[in-house]
Amino acid sequence: MTVQTEQARSGHPFRMWDAIMETPDFVERCLQPDLAEPAKKVGREIVERGINRVFLLGCGSSFYAASSAARAFQTLAGLDADAYDSFEFHKYRLGFVTPKTAVISFSHSGATRETVDVAREVRKRGAFTVSVTDRPESLLADSADFFVNVGGGREPVEPKTRSVVSTFVMGYLMAIGALPKERQDQLDEELKRIPAALRSAQGLEARAKELAEKYSGVKRVLAVGNGQNYVTAMEIALKFKEAVLLAGEGLETEEAFHGPIASLNDSTLVIATSCPGPSYQKTKDYCVAASMIGCRVLSVSPEPYDLPGVDKLEVPMDGISEVFSNSVLVYPQYMLAYYSALVRGNM
């Protein structure tokens, strides 16, 4: 993390906290017409061009943003959309690119070399290309047919938090743009609830700090989830690696049952992110199993599981559906990662 050392700074020693606190305002900014409408235009273009395959690319947290957008395209618009690591796609998937393909590339900085290189290559092959970045002046922004500005400018801190959540929201908007106008209007109203939900979740700071202290002795984090919250699991596992300097892994819940469950022990923290939906019971089953093994287990949900040996982090999410849930449910987990870093003296 980037430390702020000026004498005027008090309280939180790391800029990561500033970025977390700024997130609701930045998400609200994403929903303003000057940013939202160009994002929606991507979805309209995909439909109007008769595109039958969408690839979404990125590295690190930008790959998770690509994965979130792919799920939104699948769930909301019924489009054939898949996310790939930029390098993997560049070296092994270029043969799938045609003029009836859309390739959407994500990078906060707009400078990730592999993402820029593959964006340029697929453009040469005739695909409809879109760049999604916070940096309008970047190489990536200049390497595609169409530019989606996330609007936050450079986030001057590692690990990234507010730019990830903002990019999740831009992915939703691109997918919404592929829908009929009436349905777009309905979903726009739902998206407007996200900034308020994030501000409400700021009230979980004390709970996040309490849990960080409770988990100060764990040696590994396994985060699990499904659908959009598989994205949450991957993202929060990365934040524990980056900020807490702790071994972390994010897995789809069923996959976590197959093989990885044998590695669980009483020094493992299992973070299970869920919301009512098709995978709610499956994730509950994993919590039960992990608790029986002796793990520390945390249920993060608008309706966390009431189970012996399982801690709860209840996240208010009224009126926000599962397809948008990762933007809210990841948020208090950033606070947990931040306080976990402080508790362990990662200054």
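**Aromatic pairs and a parallel sheet**

The structure holds 10 aromatic pairs. I will take one of them, Trp-17 with Tyr-339: the ring centres are 5.5 Å apart and the planes stand at 65°, so this pair is edge-to-face. To be counted that way, the planes have to be over 60 degrees apart. Please keep in mind that this is a predicted model.

Where do Trp-17 and Tyr-339 sit in the chain? Trp-17 belongs to helix α1, residues 15-30, and Tyr-339 to helix α14. They are 322 residues apart, so the pair links distant parts of the chain. Tyr-338 joins in as well: together with Trp-17 and Tyr-339 it makes up one aromatic cluster.

Are Trp-17 and Tyr-339 buried or exposed? The cut-off for buried is under 20% relative accessible area. Trp-17 has 6% relative accessibility, so it counts as buried. Tyr-339 has a relative accessible area of 7%, so it is buried too.

One other ring deserves a mention, that of Phe-26. The charged end of Arg-162 sits over this ring, 4.1 Å from its centre.

Now the sheet. It is open and has 5 strands, paired in parallel, in the order β7-β6-β8-β9-β10. Which strands are at the edges? They are β7, residues 247-252, and β10, residues 310-314, and each of them pairs on one side only. From one strand to the next, the twist averages 20°.

Within the sheet, look at β6, residues 220-225, and β8, residues 268-273. These two strands pair in the parallel sense over 5 bridges. If you want a place to start on screen, find Val-221, which stands opposite Leu-269 in β8.

Next, the helices that lie across the sheet. Helix α12, residues 280-293, lies across β6, β8, β9 and β10, and runs at about 165° to β8. Helix α14, residues 331-343, lies across β8, β9 and β10, and its angle to β8 is also about 165°. Helix α14 is the helix that holds Tyr-339, which brings us back to the aromatic pair.

Last, a single residue in the sheet, Ser-299. It lies in strand β9, and strand β9 covers residues 296-301. Its relative accessible area is 0%, so Ser-299 is buried. What is Ser-299 in contact with, leaving aside its neighbours within four places in sequence? The list is Ala-272, Pro-304, Tyr-305, Val-310, Asp-311, Lys-312 and Leu-313.

Terms used:
Residues are numbered from 1 along each chain as its sequence is written. This is a predicted model: local features need pLDDT of at least 70, side-chain atom pairs count only at pLDDT 80 or more; totals for chains, interfaces and linings use all residues. Side-chain values use heavy atoms; hydrogens and water are left out. Two strands pair if DSSP finds at least two bridges between them. Helices (H or I, at least four residues) and strands (E, at least two) are DSSP runs, numbered from the N terminus. Axes are lines fitted to C-alpha atoms, for helices over the stretch in contact, and angles run from 0 to 180 degrees between N-to-C directions. Contact means heavy atoms within 4.5 Å. Rings of Phe, Tyr and Trp (its six-membered ring) pair if their centres lie within 6.5 Å; planes under 30 degrees apart count as stacked, over 60 as edge-to-face and the rest as tilted. Buried means under 20% relative accessible area, exposed over 50%, partly exposed in between (1.4 Å probe, protein chains only). A charge sits over a ring if NZ of Lys or CZ of Arg is within 6 Å of the ring centre and within 35 degrees of the ring normal.
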